[in-house]
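Biologist: I've got a sequence and a model open on my screen, and I'd like to go through them with you. Mind if I fire off some questions?

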Amino acid sequence: MAILNPKSHHSMVREIQTLLLSHTHIHLRWVKALVRFLGNECADHLVKEAITKGDPFFLPKPLSYLKSEIRSAALSIWQDNWDNRETNSSTHEIVPRVSNKPVPR
C-alpha cells in the first residue's frame with residue numbers, strides 16, 4: 001500500500017517507486033500468505049536465512065507506530081504515578097483511569 005502512495009516520504013518507498021517506474025517490465029502483485037507460490041516461498045526462505053545469520057535485515061517502523069508506542073508508554077507511566085499518589089485519593093476514586101481524551105462537560 002505504501003508503494004501505491006505517491007505522497008509517501010519514506011526513502012525506501014520512494015526508491016522502490018523510482019525503480020518500478022524505470023523498469024516497466026516488473027509488476028508487483030499481492031499474494032495471499034501461506035499459498036505455495038514459488039517466488040513467495042523463495043522470499044520467505046531468504047528472510048528466514050537473513051534473520052538466522054544475523055544479517056542486517058532492518059525495516060524501520062512507521063512514524064505512526066512509534067507515536068503510538070510513545071503515547072502508550074507515557075499513559076502507562078502517568079497511570080502508575082496516579083495510582084501510587086499519596087494525596088487526592090478522593091479524586092482517584094472518581095477518576096481512577098488517566099486518559100489523554102477530553103472529559104465531557
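**Questions over the model**

Modeller: Go ahead, and keep in mind that this is a predicted model. Let's start with Lys-48, which sits in helix α2.

Biologist: Is Lys-48 buried or exposed?

Modeller: A residue counts as exposed when its relative accessible area is over 50%. Lys-48 comes in at 58%, so the label for Lys-48 is exposed.

Biologist: And how far apart are the C-alpha atoms of Lys-48 and Lys-61?

Modeller: Along the chain, Lys-48 and Lys-61 are 13 residues apart. In space, their C-alpha atoms are separated by 19 Å.

Biologist: Let's hop to helix α3, residues 63-83, where Gln-79 has its place. Is Gln-79 buried or exposed?

Modeller: The cut-off for buried is under 20% relative accessible area. Gln-79 has 6% relative accessibility, so Gln-79 counts as buried.

Biologist: What separation do you get between the C-alpha atoms of Gln-79 and Ala-2?

Modeller: Those two are 77 residues apart along the chain. Their C-alpha atoms are separated by 35 Å.

Biologist: Now the start of the chain. Met-1 lies in the segment before α1, so what does its accessibility make it?

Modeller: Again, exposed means over 50% relative accessible area. Met-1 has 82%, which means Met-1 is exposed.

Biologist: Ile-3 is in the segment before α1 too. What class does Ile-3 fall into?

Modeller: Between the buried limit of under 20% and the exposed limit of over 50% comes the partly exposed class. Ile-3 has a relative accessibility of 31%, so Ile-3 counts as partly exposed.

Biologist: Where does Ile-26 sit, and how accessible is Ile-26?

Modeller: You'll find Ile-26 in the loop between α1 (11-22) and α2 (38-53). Ile-26 is partly exposed, and its relative accessible area is 38%.

Biologist: Which nonpolar surface patch includes Ile-26, and how much accessible area does the patch have?

Modeller: Ile-26 joins Ile-3 and Leu-28 in that patch. Taken together, the three have an accessible area of about 250 Å².

Biologist: Which residues lie nearest the centre of the largest pocket?

Modeller: Eleven residues line the largest pocket, and its volume is about 340 Å³. Nearest its centre are Met-1, Ala-2, Ile-3, Ile-16 and Leu-28.

Biologist: How many residues in the lining of the largest pocket are charged?

Modeller: Ten of the lining residues are nonpolar and one is polar. The number of charged residues in that lining is none: no charged.

How values were computed
Residues are numbered from 1 along each chain as its sequence is written. This is a predicted model: local features need pLDDT of at least 70, side-chain atom pairs count only at pLDDT 80 or more; totals for chains, interfaces and linings use all residues. Side-chain values use heavy atoms; hydrogens and water are left out. On a 1 Å grid over the protein atoms alone, a cavity is a set of points where a 1.4 Å probe fits but cannot get out, and a pocket is an open set with protein on both sides within 12 Å along at least five of seven lines; lining residues have an atom within 4 Å of a point. Grid points are joined across faces, edges and corners, and a volume is the space filled by probe spheres set on the points. Ala, Val, Leu, Ile, Met, Phe, Trp, Tyr, Cys and Pro count as nonpolar, Asp, Glu, Lys and Arg as charged, and the others, Gly among them, as polar. Patches are made of residues with over 30% relative accessible area and no salt bridge: like charges are joined within 9 Å, nonpolar side chains (Val, Leu, Ile, Met, Phe, Trp, Tyr) within 5 Å. Accessible areas come from the Shrake-Rupley method with a 1.4 Å probe; for residues, only the protein chains shown count as cover. A salt bridge is a side-chain nitrogen of Lys or Arg within 4 Å of a carboxyl oxygen of Asp or Glu. Helices (H or I, at least four residues) and strands (E, at least two) are DSSP runs, numbered from the N terminus. Buried means under 20% relative accessible area, exposed over 50%, partly exposed in between (1.4 Å probe, protein chains only).
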